[in-house]
Amino acid sequence: MWNMCTECETVQQEISLYACPVCGGILLPQYESVPINDKSQKGIWRYHASLPPVPVENRLYLGEGMTPLIPSSRLGDKLGIGELYFKYEGGNPTGSYKDRIAAMGLSWAIGQGREACIGTSSGNAGAATAAYAARADLPYHLFVLEDVTEAKLAQALVHKANVRKVKGFGNDPAIGKRVFERIFEGAAEHGWEMMITAFRFNPYAMEGVKTIAYEIYDELQGMPSHVYASAGGGGLYCGIWKGFNELNKNGRTAAAPCMVAVQSEGCSNIVRAYHAGSRDPLSGASTSQISGLQVPNPPDGRLALQIMANGGGSGIAVSDPLIWEAQRLLAEEEGIFCEPAGAASVAGLIRDCAENTGRSFDKVVCVISGNGFKDGKRLSAMTSEIAVPCLDVEQLDI
Ligand SMILES: [Zn+2]
């Protein structure tokens, strides 16, 4: 494995560097070997030859990865799509795709001799990292949004994370920037592993994300035509793109799919920049109510825009109500229960189908990033007005 800078293309053999020493750009790991599915291993470790090197005894495994790729039963027909699949990441052990990152990052941290880890989260990364840090017996210092959902906070707490909320984090881009800086400084000062789930901060941990692409490819026995993924910080989008791109290297497979990043209109810094032709995410506070998509200063936004500019895909913004509607449709039409951020990919597809009626959607995958139990407030909003009578046994009129 070696690293290449996404900005100046400098090659770095030193594998413990997290940022380019020449320009400060993101260093992306590169590999000699093509992705191989080693079925003697479990979860993401099936693809160990294309992951940062971790000795077998350090590989943490809690059941992450190998999540189901569920064919659509009705939604695909309604949208006029030949083949539609849902990659259900709610099936991971703590209920989101962040488990892939936590498994990779904490396993790597053990090999580096780290004595603790530190990070930020809107909720899911905190829950995932807390579980794997507990498994690795490493203390975890976590800083979360003030309005983190109760379920995500509770998950981090049960695994003994040292959690603190930060006022204004998630709404105010200046506060977000300062939080990232402080964590960066603190991690460097103490020699802790920095578990901010972004290529900008920990490209090795983020390598776990691309196993989503490998699994989709292996299950479909080929490339999909389009993949829709939500974009908060942009890491999910970039990670999946990297996986498909590695499969496609040297023309070994069909072309990588068109990757569509879906953001909430209330926090669409990447998508607005894409449409404006900007290389950097645009600024602006978040007004979105979708937990996980409230990232006004997306750390991997620039990388996502670079991918789009190089023909890797595009971006679309959808309203919060359309995301909630997609969540309801997945539950009612497909039997899939996900959190609102997980349904954003489907909301983006619905909007794309409505606006691009001539576009050909042959084989589409929507990545459903997290489980429905993650957001109790939304669950109450969906169900609290449904009357559930409580009957005496004599009243059962079946
Ligand atoms: Zn560089």
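This is a short tour of the structure, starting with the whole chain and then stopping at one helix and two residues.

**Stop 1: the whole protein**

Keep in mind as you click around that you're looking at a predicted model. Show everything as a cartoon to begin with: the secondary structure adds up to 13 helices and 13 strands. The radius of gyration is 20 Å, close to the 21 Å that the globule rule gives for 398 residues, so the protein is as compact as a globular protein of that length. Rotate the C-alpha trace and you'll find that it spans about 70 × 45 × 45 Å along its principal axes.

Now switch on the surface. Its accessible area is about 16400 Å², and carbon and sulfur atoms make up 51% of that. Of the 398 residues, 57% count as buried. If you look at contacts with a separation of 6 or more, 69% of them join residues 24 or more positions apart.

For a last overview, colour the charged side chains: there are 34 positive and 43 negative ones. The centres of those two sets lie 4 Å apart.

**Stop 2: helix α3**

Select residues 124-136, which form α3. From first C-alpha to last, this 13-residue helix reaches 18 Å, close to the 18 Å expected at 1.5 Å a residue.

How many of the residues of α3 are buried? Eleven of the 13 are, so the helix is largely enclosed by the rest of the structure. Show side chains here and pick out the buried residues, among them Asn124, Thr129 and Tyr132. Several alanines are buried too, including Ala125, Ala130 and Ala136.

What covers them? Add α2 (98-111) and α4 (150-158) to your selection, then β6 (117-121) and β7 (140-145); the cover includes these four elements.

**Stop 3: Asp137**

Step off the end of α3 and you land on Asp137, in the loop between α3 and β7. Check the backbone here: phi is near 60°, a positive value in a residue other than glycine. Is Asp137 buried or exposed? Its relative accessible area is 66%, and anything over 50% counts as exposed, so Asp137 is exposed.

**Stop 4: Met66**

Finally, jump to Met66, in the loop between β3 (27-30) and β4 (69-71). This is another residue other than glycine with a positive phi, near 50°. The relative accessibility of Met66 is 39%, which falls between the 20% and 50% cut-offs, so Met66 counts as partly exposed.

Key: Residues numbered from 1 in each chain as written. Predicted model: local features only at pLDDT ≥ 70, side-chain atom pairs only at ≥ 80, totals over all residues. Heavy atoms only, no water. Helix = DSSP H or I, 4+ residues; strand = E, 2+ residues; numbered from the N terminus. Rg over C-alpha atoms; globule rule 2.2 N^0.38 Å. Buried < 20%, exposed > 50% of the residue type's maximum accessible area, 1.4 Å probe, protein only. Contact = heavy atoms within 4.5 Å. Areas by Shrake-Rupley, 256 points an atom, 1.4 Å probe, with all protein chains shown as cover. Lys, Arg positive; Asp, Glu negative; His and termini not counted. Charge placed at Lys NZ, Arg CZ, Asp CG, Glu CD. Expected span 1.5 Å × (residues − 1).
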